[in-house]
Amino acid sequence: MSETILVPGGREVRGTLETADSDADSTAAVVACPPHPQQGGHRGDERLVAVAGELVERGVDCLRFDYGPWDEGRGERADAARAVEWAAERYDRVGLFGFSFGGAVALSTAADGADVEAVSALAPASGLPDGSDVTAAFEEIPVPVQVVYGTRDDVADAASVADRAREFEQSVVELDADHFFVGQSGKVADRVADFLVPWVQPDASR
């Protein structure tokens, strides 16, 4: 099931909450950050939809959201933080996910102290338009991190983010794919859910 959510705050941020089809309410959720809004990124991105679908299958709700007005990455980070706050008020545990620009937003938001159990970044950009260095975020992120990237990615410098993740002994997944993971959304969703679900499900073993 899904419903439209208006995330509170000073910016126009709307999301789609996908909920697990079960008798009991889920105690866990993942907030999903879309790719670059000025390049057509939105909450209906096929990679976000695939990840949300896999999470719901495993009993974890997922909030996919659209950013408010373009703000060079600053407002977008604030949007992600507010989406996490919204989820944290309703769920016991919250995870954070993002693709491309959204991956950079997710990592930066986690570094800024968002109340999450873990963060997964798919083909994350190494920087944001406001000049933020995403590779530096690893020094501040206090939770487990996963970076998934394609070895044929010629759009984002995700490999440098993955190298930084390795330096901090975080999880890195390489796929034989381009930046958009054409034909591999299901595989991506499996890898992301494999990582996030054990951290956000209270009764899951790690």
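**Figure 1. Strand 5 and strand 6 in the predicted model.** Strand 5, residues 93–99, and strand 6 run parallel and are paired over 5 bridges. One point of reference in this pairing is Leu96, whose bridge partner in strand 6 is Val119. The model shown here and in the other views is predicted, not experimental.

**Figure 2. The two faces of strand 6.** Strand 6 spans residues 118–122. Ala118, Ser120 and Leu122 lie on one side of the strand, while Val119 and Ala121 lie on the other. Are these two faces buried or exposed? Both are covered, and each of the residues named is buried. Because 5 of the 5 residues of strand 6 are buried, the strand is largely enclosed by the rest of the structure. Val119, on one of these covered faces, is the residue that partners Leu96.

**Figure 3. Strand 6 beside strand 7.** The pairing between strand 6 and strand 7 is parallel and extends over 4 bridges. Within it, Leu122 of strand 6 is placed opposite Val148 of strand 7. Leu122 is buried, on the side of strand 6 that also carries Ala118 and Ser120. Val148 is likewise buried, and points the same way from strand 7 as Gln146 and Gly150.

**Figure 4. Ala123, in the loop after strand 6.** Ala123 belongs to the loop that connects strand 6 with strand 7 (145–150). What is the phi of Ala123, which is not a glycine? The value is positive, about 45°. Most residues other than glycine have a negative phi. Ala123 has a relative accessibility of 0%, so the residue counts as buried.

**Figure 5. Strand 7 and its partner strand 8.** From strand 7, Val145, Val147 and Tyr149 point one way, and Gln146, Val148 and Gly150 point the other way. The residues on both sides are buried. With 6 of the 6 residues of strand 7 buried, the strand is therefore largely enclosed by the rest of the structure. Strand 7 pairs in the parallel sense with strand 8, over 5 bridges. Here Val148 sits opposite Val173 of strand 8; Val148 also stands opposite Leu122.

**Figure 6. Glu169, in the loop before strand 8.** The loop that holds Glu169 lies between helix 4 (158–167) and strand 8 (171–175). Glu169 is not a glycine, yet has a positive phi of about 55°. Is Glu169 buried or exposed? Its relative accessible area is 75%, so Glu169 is exposed.

**Figure 7. The whole protein chain, for orientation.** The chain contains 5 helices and 8 strands, arranged along the sequence as β-β-β-α-β-α-β-α-β-β-α-β-α. Its radius of gyration is 15 Å, close to the 17 Å that the globule rule gives for 206 residues, so the chain is as compact as a globular protein of that length. Along the principal axes, the C-alpha atoms fill a box of roughly 45 × 40 × 30 Å. Of the 206 residues, 55% are buried. Among contacts between residues at least 6 apart in sequence, 71% join residues at least 24 apart. The exposed area of the chain is about 8,800 Å², of which carbon and sulfur atoms supply 42%. There are 17 positive and 38 negative charges, and the mean positions of the two sets are 1 Å apart.

Note on methods: Residues are numbered from 1 along each chain as its sequence is written. This is a predicted model: local features need pLDDT of at least 70, side-chain atom pairs count only at pLDDT 80 or more; totals for chains, interfaces and linings use all residues. Side-chain values use heavy atoms; hydrogens and water are left out. The radius of gyration is taken over C-alpha atoms; the globule rule is 2.2 Å times the number of residues to the power 0.38. Buried means under 20% relative accessible area, exposed over 50%, partly exposed in between (1.4 Å probe, protein chains only). Contact means heavy atoms within 4.5 Å. Accessible areas come from the Shrake-Rupley method with a 1.4 Å probe; for residues, only the protein chains shown count as cover. Lys and Arg count as positive and Asp and Glu as negative; His and the chain ends are not counted. The place of a charge is taken as NZ of Lys, CZ of Arg, CG of Asp or CD of Glu. Two strands pair if DSSP finds at least two bridges between them.
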